[in-house]
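Good morning, and thank you for making time for this item. I would ask everyone to bring up the sequence and the model before I begin.

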Amino acid sequence: MSTAAGEPAYLNIDRENNPAVVAGRISREMVAARDKQGWIDNFAADAVVEDPVGPSMFDEQGRGHHGHEAIAAFWDMTIATTESLDFQFDEEIICGNEVAYIGRIVTHIGGHVTTSRGVFTYRADADGKLVALRAFWEVQKTMDSLQKAD
């Protein structure tokens, strides 16, 4: 794949229009708008959400949430229980149809705040739909960050 100038796509990356960047941005916008259906529609039918990656209270087996029905149940179990989520990313790394963000997600829930520091990845397919959302953060560190909201 080459750019209009004939350079390979991995040079002079289009940081605004990369399919993974766009799909990730839509995902975060749908979360901020509390738009569950819009969030689910942003995923390919066979997509997977692993948040966090590995076993957790949201996914005891650590296999991820596969397909729209499981992704909708993940929303109900996680995002729907929060007041808001703030995505604070310090670094963006784009590789092909994937993007990784290094930073934190600040969760506001029940008058409290937690911070999940980690690496958050989005992979898009040829149609611009998310096929994988993976979040690498440690449950214990996030629980230890719990504090009263200001």
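Helices and strands here are DSSP runs, helices of type H or I with at least four residues and strands of type E with at least two, numbered from the N terminus. Please keep in mind that this is a predicted model.

With that definition in place, let us take the annotated region. The unreviewed UniProt entry carries the annotation "domain: SnoaL-like" for residues 29-132. Within that span, 48% is strand and 21% is helix, and its end C-alpha atoms are 17 Å apart.

Turning to the whole chain, we count 4 helices and 7 strands. Their order along the sequence is α-α-β-β-α-β-β-β-β-α-β. The chain is as compact as a globular protein of its length, because its radius of gyration of 16 Å is close to the 15 Å that the globule rule gives for 150 residues. The C-alpha trace spans about 55 × 30 × 30 Å along its principal axes.

How much of the chain is buried? Of the 150 residues, 39% count as buried. Among contacts with a separation of 6 or more, 47% join residues 24 or more positions apart. The exposed area is about 8400 Å², and carbon and sulfur atoms supply 52% of that area. As for charge, there are 24 negative and 13 positive side chains, and the centres of these two sets lie 3 Å apart.

I now turn to individual residues, beginning with a pair of sequence separations. How far from phenylalanine 43 in space is lysine 129, given that 86 residues separate them in sequence? The C-alpha atoms of lysine 129 and phenylalanine 43 are 5.1 Å apart. Lysine 129 sits in the loop between β5 and β6, the latter covering 130-137. Beyond residues up to four places away in sequence, lysine 129 touches Asp41, Asn42, Phe43, Ala44, Arg123 and Ala124. Its relative accessible area is 32%, so lysine 129 is partly exposed.

Isoleucine 109 offers another case: alanine 23 is 86 residues away in sequence, and the C-alpha distance is 25 Å. Isoleucine 109 belongs to strand β4, residues 98-109. Apart from neighbours within four places in sequence, the contacts of isoleucine 109 are Thr81, Thr82 and Glu83. Isoleucine 109 is partly exposed, with a relative accessible area of 31%.

Threonine 114, in strand β5 (residues 112-124), is a buried position. Its relative accessible area is 12%, which is under the 20% limit, so threonine 114 counts as buried. Outside its neighbours within four places in sequence, threonine 114 is in contact with Ile105, Val106, Thr107, Thr142, Ser145 and Leu146.

Finally, some backbone details. Which peptide bond is cis, with omega near 0°? The bond from aspartate 51 to proline 52 is, and proline 52 is placed in the loop between β1 (43-50) and β2 (65-66).

Positive phi values in residues other than glycine also deserve a mention. Asparagine 12 has a phi of about 50° and lies in the segment before α1 (19-33). At 61% relative accessibility, asparagine 12 counts as exposed. Arginine 34 has a positive phi near 60°, and its place is the loop between α1 and α2 (36-41). Arginine 34 counts as partly exposed, at 32% relative accessibility.

That concludes my presentation. Thank you for your attention.

Note on methods. Residues numbered from 1 in each chain as written. Predicted model: local features only at pLDDT ≥ 70, side-chain atom pairs only at ≥ 80, totals over all residues. Heavy atoms only, no water. UniProt positions renumbered as here; feature names shortened; annotations may be inferred. Rg over C-alpha atoms; globule rule 2.2 N^0.38 Å. Buried < 20%, exposed > 50% of the residue type's maximum accessible area, 1.4 Å probe, protein only. Contact = heavy atoms within 4.5 Å. Areas by Shrake-Rupley, 256 points an atom, 1.4 Å probe, with all protein chains shown as cover. Lys, Arg positive; Asp, Glu negative; His and termini not counted. Charge placed at Lys NZ, Arg CZ, Asp CG, Glu CD.
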